[in-house]
Amino acid sequence: MTTSAILQAINGTSLAALLFLVASGFTVTFGLMRVVNMAYGAYYLLGGYVGLSLAEATGSFALGVLGGGLAIVVLGYLVDRFLIRYTGENHLAQVLLTVGLAFVIGDVALKIWGGDSLKVPLPPALRGAMELPGGLVYPTFRFALIVFGLVVAGLLWLLYTRTPIGAVVRAGVDDREQVAATGIDVDRLFVMVSALASFLAGTAGVVGGAFLTLYPGAEWEILVVALVVVIVGGLGSLGGAMIGALVVGLLDAYGRWLLPEFSYFVLFGPMAVLLLLRPRGIAGREA
Amino acid sequence: MTPARLAVAVALVAAAVALPHVAGPFWMGLVTQMIVFGLLALSVDLLLGHAGLFSVCHGSFFAVAAYTTAILQVRYGVPTALAAPAGLVAGTLLGLVFGLAVRTRGVYFILITIAFGYVVWGVAHRWSSFTGGDNGVTNVPFPAVGSWRVESHVEYYYLALAAAALLALGYRVLVRSPFGLALRGIKGSESRMRTLGYDSNRHLYAAFVLSAVLASMAGVLYVYYNRFVNPVAASFPVSVEAALMAIVGGTGTIAGPFIGSAIILGLRNWVSSFFELYAAVMGLVFIVAVLWVPEGLVGLALRLSGRTARG
C-alpha cells in the first residue's frame, strides 16, 4: 500500500513534468497575446510523431526530441502568421479556428502514422528500471522526465524573472499597449514567445510519446488535462502552471489508482470547487 | 409576419410533410438527424447568440438525457411515458450543476465548460458497469405511450418534426420575452445591464439551465432515433460541432442552427462517401467559417439582401 502510494507519487510527478511542458506554452501565449490555441494538443501529438519518425530513422532520441520541437516551431509560426492573426481578440473565433486546425492535423496524422499506439524508442541509457532506496524499482525514463521537467521549469523561470526578455514578456502580459508604446517591437516578441511555446509542446510530444504512447485522440486527452492545469493555476501565470501541473499530475495518478471508474471526476471535481472559491485560479489575477 | 414569410413558412411545412413520399429511408434518417442536431445547435445558440456565452459542454446534457432514457427503457423496461421525462430531468439536473460555470466569463467560461464536458465523457467511457463503456446502451426501442406507438422511421421523422416545430415556437416566445431581451442586453453590455438593476448572473444561470433543458430534449429525441447511445454522444467534437452548426447557419436566429445542422451533416455524409480524410475537411469548414463567414449564412443572406435593397 505504502509502496504503491509512493510509486503513484512518482507517476504523478512525472506526468506533472509533461503537463507543465504543454501548459506553460498555452498559458504564456494566452497571457501575452490573448490567444486561446486549442491546437496545442495537436502540436503535442504531431511533434511526437515527427520525433518518432526521426528517432527511428536516425537512431537518436535527442535528435527526435529536437526535430519534433523544431517541426512544431515552423508549424506554429505559419498558424500564427496566416490563421490566428485574422481572429483579432475574438476568443470564440480562436477556439473554433484552432479546434478545426486540430481536427485537420489529427486526421492527416492518422493517415500518415495510422491508428495504432506508437511508442518513441528510447536510448539504451534511459531504458530499463532503477532501484530506489528502500527496494522500490521504477522506470529510469520517468525519473529522467522529472529531471527534464525541473530543468525546463527552472530555465523558463530564470528567463521569465531574471532576463530583459522575461521582463518585457511580463510587462507585455500586464499591459501590452504600454509596452508597444515604449518602442518595443511587440510583434517580434510574440513570434519569439510563440516559437518557444511551440517548441515545448513539440518536445513534450516526443518525451510523452516515449511512455504514454502516441495514438489518435491523444491530442484531446493531453489538451484537456493541460487546460485543467491552466485553469487551476490561473491563465497567464507561469508559476501557476507549475503548481497546477503538480496538483493535476498527482490527482490524476491517485485518481486512476484509487477510483479508476471515476478518475475524471477526481481530476475535475476539485477544479470545480476551486473555481467556485477562486474563479481565476490559484495565481490568476482579477481582470 | 409578412405575406412573403408566411408563404415561405407554408411551403417549408408542406415540403417537410411531403418529404417521406419522395425520399428513401437513407434520406429520412439523415433528415431526422439534422432535426435532432439542429435542436442541439439551437440550445447552444441560446447562450451563444443571445447571451454571448460560448458553451462547449452541451453534448453532456444531450448524452446524459439519452443515457438515462436508454438505460431505463432497455435495462429496467420502464415505459417511454416515464423514461423520456426522466431523461429530460436528468439532463436538466446536470444543467443546474454545470450552470455554476456562469460565475465566469470569456475564455474561462469556455475552458471550464470543456472540462465539465470531459467529466461526463470520462464517466460514460470508464464507468462501464453502468454505462456499458464504449459499447454503450443498445437496442433502444421506438417510443410507445399506451396504445400509441411509433412503428417506422417515417413515423419517427414526423414525431421529431412536430417536436422541433413546437420547441422552435416556444424558443421564439422565450427570446422575444422580457427575459430574452435582457439576455441580449447582457450580451451587448453586461455592465450597463447591471447598472440598470439586472442581476446578470441570475439571468445567465437561468439561460444556461433552459438551454440544458433544450439540449436534453434533443438527447431524448436522439436516443429513440439512433436506437443506441455510446460515449461519442458526450464527446467534445459533438459539443463543438453544435456550436459550429449555429455559427455556420447564423447565430441569434432560429432557422440558423437548423440550416447549419443540415449543411454540416449533409456535407459530412457527402464527403465521407468518397474521401477518407473527411474529418480534416470538417476541420477546414471550421476554419473557413470563422475566417470568411463569421455571421453565418443567414447573416450573410441578410447582409447581401440588405445591400441589394439599398443599392
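A residue counts as buried if 20 or more other C-beta atoms lie within 10 Å of its own, as exposed if 12 or fewer do, and as partly exposed in between, with C-beta atoms placed from the backbone. I began with R227(B), which has 14 other C-beta atoms within 10 Å and is therefore partly exposed.

**Ground rules**

I noted that this is a predicted model, in which local features need pLDDT of at least 70 and side-chain atom pairs count only at pLDDT 80 or more, while totals for chains, interfaces and linings use all residues. Residues are numbered from 1 along each chain as its sequence is written, and chains are lettered from A and ligands numbered from 1 in the order in which they are written.

**Loop residues**

I placed R227(B) in the loop between α10 (200-226) and α11 of chain B, where helices are DSSP runs of H or I with at least four residues, numbered from the N terminus. R227(B) is not a glycine, yet I found a positive phi of about 70° for it.

I then looked up T213(A), another residue that is not a glycine and has a positive phi, here about 65°. T213(A) belongs to the loop between α8 (186-209) and α9 of chain A, and it counts as partly exposed because 15 other C-beta atoms lie within 10 Å.

My next loop entry is V293(B), which sits between α13 (278-292) and α14 (296-310) of chain B. With 14 other C-beta atoms within 10 Å, V293(B) is partly exposed, and its C-alpha atom is 9.2 Å from that of G250(B), although 43 residues separate the two in sequence.

**Helix α11 of chain B and its partners**

I turned to helix α11 (residues 236-249) of chain B, which packs against helix α12 (residues 255-272) of chain B at an angle of about 110°, the axes being 7 Å apart. Axes are lines fitted to C-alpha atoms, for helices over the stretch in contact, and angles run from 0 to 180 degrees between N-to-C directions. The angle makes α11(B) roughly perpendicular to α12(B), a term for angles of 65 to 115 degrees. The crossing of α11(B) with α12(B) is right-handed, meaning that the near helix is turned clockwise from the far one by less than a right angle.

On the α11(B) side I listed contact residues including E241(B), L244(B) and I247(B), and on the α12(B) side others including F258(B), I259(B) and I263(B); two residues are in contact if their C-beta atoms, placed from the backbone, lie within 7 Å. The residues of this contact comprise 10 nonpolar, four polar and one charged, where Ala, Val, Leu, Ile, Met, Phe, Trp, Tyr, Cys and Pro count as nonpolar, Asp, Glu, Lys and Arg as charged, and the others, Gly among them, as polar.

I also checked helix α3 (residues 58-75) of chain B, whose axis comes within 7 Å of that of α11(B) and crosses it at roughly 120°. This crossing of α3(B) with α11(B) is right-handed too. Here H58(B), G59(B) and F62(B) of α3(B) meet V238(B), S239(B) and A242(B) of α11(B), a set that divides into three nonpolar, three polar and no charged residues.

**Two residues in helices**

Within α11 of chain B I singled out A246(B), which is buried because 30 other C-beta atoms lie within 10 Å. The C-alpha atoms of A246(B) and A41(B) are 5.4 Å apart, although their positions lie 205 residues apart along the chain. Beyond four places in sequence, A246(B) touches residues including A41(B), V44(B), L48(B) and G260(B).

For M28(B), in helix α2 (residues 25-48) of chain B, I noted 17 C-beta neighbours inside 10 Å, so it is partly exposed. Leaving aside neighbours within four places in sequence, M28(B) contacts P20(B), A23(B), H153(B), V154(B) and Y157(B).

**Where the chains meet**

Lastly I looked at the contact between the chains, to which chain A gives 36 residues and chain B gives 33 residues. On the side of chain A that touches chain B, α4(A) gives the most, with 14 residues, and that side divides into 29 nonpolar, four polar and three charged residues. I noted too that V228(A) touches A115(B), as well as residues of its own chain including V248(A) and F268(A).

How values were computed
Parallel < 35°, antiparallel > 145°, perpendicular 65-115°, else oblique.
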